[in-house]
Amino acid sequence: MADLEKLRDLEDYALELGAYRAKLLAAADVVIDDRVRLKCHVPVCEDYNRHLLCPPHTIPVEKFKSLCAQYSAALLVQVKSSGYDKADLVAAEKDLHSVINKVEGRALTKGNYLATGYIASSCKLCPECVGYHSGEPCRHPYQARPSIESMGVDIFKTAENAGMGFNLGLSSEVVYCGLVLLD
């Protein structure tokens, strides 16, 4: 089991990078539920079967659950949108991507070579994904990350477990979450 105190500087680093909030938690506190991935299907998400890192092109929930169980810690990262229009929302999602990638990179350089990051929502690195059916590879294979929802992570319950709960729907803020699994 990782010593959470030795990983605590990753919280500070995420905040330095512009995260709204960041908190370490035990990997066992990451809530995985098959019904979360079901929400990719019902009602069908506009990115389903279109994005390379969205279902059905991501690993099954049960496989992710078994992989997550091999980690001892996770860093939950939240980024807040500055507004509600599409440009603000996409900018926040891109900011989240950047923070998750940099935190994962920092974890790697500190010897946590199995660190792996995920984002809530679909990848927004490109204005339009090349798409699975194009047969083309991802334009950003080292920066793109799978949707955490596609892995079955209940980000709301996981955020509650980390003491970072947030609201869905009518709210005074739009918060996006990312997760970095750590040894």
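**Exercise 1. How far is the sulfur of Cys-129 from the closest cysteine sulfur, and which residue holds that sulfur?**

Before we start: this is a predicted model, where local features need pLDDT of at least 70 and side-chain atom pairs count only at pLDDT 80 or more, while totals for chains, interfaces and linings use all residues. Residues are numbered from 1 along each chain as its sequence is written, and side-chain values use heavy atoms, with hydrogens and water left out.

*Solution.*
- Step 1: Recall the bond itself. A disulfide is a covalent bond between the sulfur atoms of two cysteines.
- Step 2: Get the cut-off. Two cysteine sulfur atoms count as a disulfide if they are within 2.5 Å.
- Step 3: Look at Cys-129. The closest cysteine sulfur sits in Cys-138, 6.5 Å away, and that's too far for a bond.
- Step 4: Try Cys-123. Here too the closest cysteine sulfur belongs to Cys-138, at 6.2 Å, again too far for a bond.
- Step 5: Write down the total, which is zero disulfides.

**Exercise 2. Are Cys-123 and Cys-129 buried or partly exposed?**

*Solution.*
- Step 1: Set the classes. Buried means under 20% relative accessible area, exposed means over 50%, and partly exposed is in between (1.4 Å probe, protein chains only).
- Step 2: Cys-123 has 14% relative accessibility, so call it buried.
- Step 3: Cys-129 comes in at 21%, so this one is partly exposed.

**Exercise 3. Describe the largest cavity and its lining.**

*Solution.*
- Step 1: Know what you're hunting for. On a 1 Å grid over the protein atoms alone, a cavity is a set of points where a 1.4 Å probe fits but cannot get out, and lining residues have an atom within 4 Å of a point.
- Step 2: Search the whole structure, and one cavity of 30 Å³ or more turns up.
- Step 3: Give its volume, about 140 Å³, where volume is the space filled by probe spheres set on the grid points, which are joined across faces, edges and corners.
- Step 4: Find the lining. It has 14 residues, and nearest the centre are Cys-123, Cys-126, Cys-129, Cys-138 and Ala-144.
- Step 5: Sort the lining by class: ten residues are nonpolar, two polar and two charged. Ala, Val, Leu, Ile, Met, Phe, Trp, Tyr, Cys and Pro count as nonpolar, Asp, Glu, Lys and Arg as charged, and the others, Gly among them, as polar.

**Exercise 4. Which parts of the chain does the salt bridge of Lys-124 and Glu-93 tie together?**

*Solution.*
- Step 1: Check the rule: a side-chain nitrogen of Lys or Arg within 4 Å of a carboxyl oxygen of Asp or Glu. The structure holds seven such bridges.
- Step 2: Test the pair. Lys-124 and Glu-93 meet at 3.5 Å, N to O.
- Step 3: Place both ends. Lys-124 is in the loop between strand 3 (116–119) and helix 6 (155–161), and Glu-93 is in helix 5 (residues 86–109), so the bridge ties together parts 31 residues apart in sequence. Helices (H or I, at least four residues) and strands (E, at least two) are DSSP runs, numbered from the N terminus.
- Step 4: Note the surroundings: Lys-124 and Glu-93 are both buried.
- Step 5: Now look at another bridge, Lys-65 with Glu-62, at 3.9 Å. Both of these residues lie in helix 4 (residues 61–68), three residues apart, about one turn of the helix.

Note on methods: On a 1 Å grid over the protein atoms alone, a cavity is a set of points where a 1.4 Å probe fits but cannot get out, and a pocket is an open set with protein on both sides within 12 Å along at least five of seven lines; lining residues have an atom within 4 Å of a point. Grid points are joined across faces, edges and corners, and a volume is the space filled by probe spheres set on the points.
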